[in-house]
Amino acid sequence: MQIICTGATGLVGYNFVKAALSRGHKITAICNSSDFPKMEGVEVAKLDLSDFSAVERFFLDRFPEAIANCAAISSPSVVDKNPERARVLNVLLPEKLAMLANHMNSRLVHLSTDMVFDGSRAPYKNTDAPRPFNQYGQTKLEAETAVLKYAASQSVVLRISHVCGRGLKQNRSFDEKLFHCLARGEKYEQPENEIKRFLPASRVAELMTELFERPNVSGIYHYCGLESLSRYEAARRICEKFGLDPQKYLEKKNLPKDADFSLDMSCISSRVKTPAVNFAEILDEIEIPDACLEWYQAQTGKTPIKRFKL
Ligand SMILES: NC(=O)c1ccc[n+]([C@@H]2O[C@H](COP(=O)([O-])OP(=O)(O)OC[C@H]3O[C@@H](n4cnc5c(N)ncnc54)[C@H](OP(=O)(O)O)[C@@H]3O)[C@@H](O)[C@H]2O)c1
């Protein structure tokens with residue numbers, strides 16, 4: 001299948017390109033401010049996705065069989081600082097891609113988030129009414145509506161929880177941020193009263209690939225890890241696994257109100273083969289970012305085994 005992947009340099013996008021390639025798909029990887037490495041079977045294109053005339057020309061020229069939309073302003077604080085840019089990337093771009101998917105009869109997988117909910121009534125089914133509590137969640141919710149408005153029959157809106165694992169830039173995932181923070185000499189502040197079902201980027205990528213191969217699945221689905229954990233507990237388990245004393249490196253910083261964003265993924269589980277994972281399996285995938293290795297060796301005297309390959 002010929003798939004165009006937006007946000008290919010991002011945490012999920014990069015993992016998706018690798019997963020789809022390994023299943024024999026041909027990929028066009030769109031990047032913007034960062035470079036994408038050379039890979040056999042991947043056409044790399046620099047494109048500013050906020051330029052909708054250029055987007056239209058680009059997609060109509062290639063007429064892809066499928067589109068994986070992994071581009072976004074994915075950090076809530078960046079959305080708050082740049083609400084206009086966030087609206088373009090998080091709402092108007094998915095809307096444009098859905099219109100193009102409809103026109104070209106392409107399959108579209110669009111990523112959304114557990115933050116379309118407010119954390120007061122978990123676990124959330126995919127049929128529960130969303131109620132975002134921040135701007136980021138609001139933009140993602142509006143995008144869901146637009147995608148289903150313009151391309152319902154050929155699209156999957158995949159709501160995912162907090163992502164762990166290795167990205168191209170090695171600074172985006174929950175664990176990568178933890179190591180960068182510690183290497184800067186700071187404590188990693190995490191709440192004990194915000195609950196997530198963490199999942200690895202590699203598994204989201206695998207599921208997205210499967211969804212392209214199952215055209216009979218469409219609509220909104222939830223996908224996450226098997227365990228509900230507080231952000232503090234997830235960070236504690238990562239520290240423990242890497243021999244770092246949580247007392248020394250972590251700080252509890254609770255939210256004013258308890259929030260549980262656990263998703264119920266029973267609906268997707270009965271339709272796909274990609275299994276969900278528990279946190280122990282996520283820990284097996286976590287690696288220390290290259291930029292933090294020297295710090296880690298100085299702290300622990302250990303040399304971690306490197307498994308990650310470009
Ligand atoms: N990470 C999570 O924990 C998480 C959780 C739930 C849902 N999600 C959703 O999953 C999706 C992927 O998230 P992620 O964490 O992988 O994102 P990410 O690492 O922040 O990557 C965002 C991507 O968007 C691209 N991008 C931004 N502005 C662009 C522009 N103007 N033109 C072209 N490309 C542009 C970036 O490209 P350049 O770097 O090349 O500029 C980058 O590749 C998002 O929809 C996010 O909302 C993520």
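**Exercise 1. Establish whether the end-to-end span of helix α1 agrees or disagrees with its number of residues.**

Solution. Helix α1 has 12 residues, which at 1.5 Å a residue should span 16 Å; the expected span is 1.5 Å times one less than the number of residues. The end C-alpha atoms of α1 are 17 Å apart, which agrees. Helices here are DSSP runs of H or I with at least four residues, strands are runs of E with at least two, and both are numbered from the N terminus.

Two conventions apply throughout. Residues are numbered from 1 along each chain as its sequence is written. The model is predicted, so local features need pLDDT of at least 70 and side-chain atom pairs count only at pLDDT 80 or more, while totals for chains, interfaces and linings use all residues.

**Exercise 2. Determine which residues of α1 are buried, and what follows the helix.**

Solution. A residue is buried if 20 or more other C-beta atoms lie within 10 Å of its own, exposed if 12 or fewer, and partly exposed in between, with C-beta atoms placed from the backbone. By this criterion the buried residues of α1 are L11, V12, G13, Y14, N15, F16, V17, K18, A19 and A20. Because 10 of the 12 residues are buried, α1 is largely enclosed by the rest of the structure. Just after α1, G24 takes a positive phi of about 90°.

**Exercise 3. Describe the shell around the ligand: how many residues form it, and which element supplies the largest share?**

Solution. First, a residue is near the ligand if its C-beta atom, placed from the backbone, lies within 6 Å of it. The ligand is surrounded by 26 residues, the closest being G7, G10, N32, S33 and A72. Next, α1 (11-22) and β5 each supply at least two residues of this shell, and the largest share, 3 residues, comes from α1. Finally, the shell divides into 11 nonpolar, 12 polar and 3 charged residues. In this division Ala, Val, Leu, Ile, Met, Phe, Trp, Tyr, Cys and Pro count as nonpolar, Asp, Glu, Lys and Arg as charged, and the others, Gly among them, as polar.

**Exercise 4. Trace helix α4: its span, its kink and its packing.**

Solution. The 22 residues of α4 (residues 83-104) should span 32 Å at 1.5 Å a residue, and the end C-alpha atoms are 30 Å apart, which agrees. A kink of about 35° lies at L92, shortly before the proline P94; the bend at a residue is the angle between axes fitted to the seven residues ending there and the seven starting there. The buried residues of α4 include L89, V91, L93 and P94. The buried residues of α4 pack against α2 (52-62), β4 (66-69), α3 (76-81), β5 (107-113), α5 (135-151) and β6 (155-160). Just after α4, N105 takes a positive phi of about 55°.

**Exercise 5. Classify M208 and C181 as buried, exposed or partly exposed, and list their contacts.**

Solution. M208 lies in helix α7 (residues 201-212) and counts as buried, with 29 C-beta neighbours inside 10 Å. Not counting residues up to four places away in sequence, M208 touches F16, A68, V109 and L158; contact requires C-beta atoms, placed from the backbone, to lie within 7 Å. C181, in helix α6 (residues 174-183), is partly exposed, with 18 other C-beta atoms within 10 Å. Leaving aside neighbours within four places in sequence, C181 is in contact with E186 and Y188.

Key:
Contact = placed C-beta atoms within 7 Å.
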